[in-house]
Amino acid sequence: MTSHASLPRRAAAELIGTAGLLVVVIGSGLRASSLSADTGVALVANSAASAVGLGLIITLFGPLSGAHLNPVVSLTSWWTRRSGGDGLGGREVPVYVAAQAAGAVGGALLAEVMFGRTPGALATQVRDGGHLLVGEVVATAGLVLLIQGLGRIGRARLIPVAVAAYIGAAIWFTSSGSFANPAGTLGRSFSDSFTGIAPASLPGFVGAQLLGGALGLGLAALLFGAGRGVEPRAAAGGAPVEALVPVEAAVPVEAAVPVEAALPGDGASPARGAYRTIG
């Protein structure tokens with residue numbers, strides 16, 4: 001269903017949703033690292049919690065704002081609209097991106113406070129190297145391709161679980177750990193923890209994510225054509241109009257059978273013109 005919420009309400013949903021995502025990602029990382037010195041065990045816990053939390057957040061906020069939670073997703077939504085599909089308008093994108101950035105930083109600070117840490121300490125974990133940037137390109141391209149592809153084949157209802165599953169897997173199969181989100185990357189620079197990233201590493205990661213978003217759009221156009229993409233308020237939970245079954249298809253004329261013909265000899269005298277549907 002399409003949401004007709006005002007832009008301020010949608011921006012609030014993006015802010016709160018992105019803040020919630022960072023609380024989940026950073027908070028689960030802090031908890032995991034405090035309970036186990038084994039990095040592998042900590043990563044299992046962090047990736048599982050992140051995937052489940054992301055799926056729940058998308059399910060809740062998707063029908064309201066689209067639950068983009070990610071500037072790359074918002075930018076690709078805008079590009080889809082420019083190409084003749086459904087997406088965000090040019091004036092909506094800066095509002096979404098600002099809300100996502102503010103929510104990410106706020107969520108990171110809240111996670112730090114919850115675990116008794118002093119908020120505002122910048123991350124010191126440097127993440128550099130060409131192989132990590134390649135990992136971010138791959139992670140972000142796959143995310144965009146998944147969202148755009150499901151939208152173009154009329155299966156947008158699967159996006160919450162599909163995106164959650166993809167991110168959970170990409171944390172493991174990409175060299176970078178699949179940040180795949182400029183706002184999330186910014187937020188994680190405010191947490192000197194297991195999931196943090198040093199501010200000096202931000203430009204490379206954000207640039208790789210933007211490149212990955214463009215690559216994902218190109219792959220979606222190549223594989224699925226330049227058709228209608230995901231509707232902005234249906235991008236992560238609602239169903240775009242074209243994904244709904246039209247009434248004509250749901251109840252074809254041939255399936256409407258007069259009661260008299262369907263129930264011969266039942267002794268009843270149905271009202272004239274009464275019908276029931278078969279199937």
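What percentage of the 279 residues in the protein do buried residues make up? Buried residues account for 48% of them. The model on display is a predicted one, and the tour below proceeds from the overall fold to helix pairs, salt bridges, the surface and two loop residues.

**The whole chain**

Begin with the full chain in a cartoon representation coloured by secondary structure. The protein contains ten helices and two strands. Followed from the N terminus, the elements appear in the order α-α-α-α-α-α-α-α-α-β-α-β.

**Helices α1 and α4**

Select residues 7-35, which form helix α1, together with residues 92-114, which form helix α4. Two packed helices are described by the angle between their axes and the distance between the axes. Here the axes come within 7 Å and cross at roughly 35°. The crossing of α1 and α4 is right-handed. Sorted by class, the contact between α1 and α4 comprises 17 nonpolar, five polar and four charged residues.

While helix α1 is still selected, pick out I16, which belongs to this helix. I16 has a relative accessible area of 48% and is therefore classed as partly exposed, since the exposed class begins over 50%. Now add I57 and draw a distance between the two C-alpha atoms: I16 and I57 are 9.5 Å apart in space, although 41 residues separate them in sequence.

**The salt bridges**

Next, show the side chains of the charged residues as sticks. A search of the whole structure finds three salt bridges.

Select E92 and R10 for one of these: the closest N and O atoms of the pair are 2.8 Å apart. E92 is in helix α4 and R10 is in helix α1, so this salt bridge ties together parts that are 82 residues apart in sequence. Are the two partners buried or exposed? E92 is buried at 13% relative accessibility, and R10 is buried too, with a relative accessible area of 6%.

Keep E92 selected and add R81. E92 also forms a salt bridge with R81, with the closest N and O atoms 4.0 Å apart. This pair links E92 in helix α4 to R81 in helix α3, eleven residues apart. R81 counts as partly exposed, at 44% relative accessibility.

Then move to E112 and R117, whose side chains meet in a salt bridge with an N to O distance of 2.9 Å. E112 is buried, with a relative accessible area of 1%, whereas R117 is partly exposed at 30%. Which residues are joined into one network by salt bridges that share partners? Selecting R10, R81 and E92 together displays that network.

**Helices α5 and α8**

Select residues 130-152, helix α5, and residues 202-224, helix α8. These two helices pack at an angle of about 40°, and their axes are 6 Å apart. The crossing of α5 and α8 is right-handed. By class, the contact of α5 with α8 is made up of 16 nonpolar, eight polar and two charged residues.

**A nonpolar patch on the surface**

Switch to a surface representation and colour I153, L215, L219, L222, L223 and F224, which make a nonpolar surface patch of about 570 Å². One of these residues, L215, is found in helix α8. L215 is partly exposed, with a relative accessible area of 41%; because patch members must have over 30% relative accessible area, L215 meets that cut-off.

**Two loop residues with positive phi**

Return to the cartoon for the final stop, which concerns backbone angles. Most residues other than glycine have a negative phi. Where in the chain does A67 lie? A67 is in the loop between α2 (39-65) and α3 (71-82). Its phi is near 50°, a positive value in a residue other than glycine. With a relative accessible area of 5%, A67 is buried.

Finally, select S178, located in the loop between α6 (159-173) and α7 (182-188). The phi of S178 is near 55°, again a positive value in a residue other than glycine. S178 counts as buried, at 4% relative accessibility. Displaying the backbone atoms of A67 and S178 allows both phi angles, near 50° for A67 and near 55° for S178, to be inspected in the viewer.

Technical notes. Residues numbered from 1 in each chain as written. Predicted model: local features only at pLDDT ≥ 70, side-chain atom pairs only at ≥ 80, totals over all residues. Heavy atoms only, no water. Helix = DSSP H or I, 4+ residues; strand = E, 2+ residues; numbered from the N terminus. Buried < 20%, exposed > 50% of the residue type's maximum accessible area, 1.4 Å probe, protein only. Patch = residues over 30% accessible without salt bridge, like charges linked within 9 Å, V, L, I, M, F, W, Y side chains within 5 Å. Areas by Shrake-Rupley, 256 points an atom, 1.4 Å probe, with all protein chains shown as cover. Axes fitted to C-alpha atoms, helices over the stretch in contact; angles between N-to-C directions. Left-handed = near helix turned anticlockwise from the far one by under 90°. Nonpolar A, V, L, I, M, F, W, Y, C, P; charged D, E, K, R; others polar.
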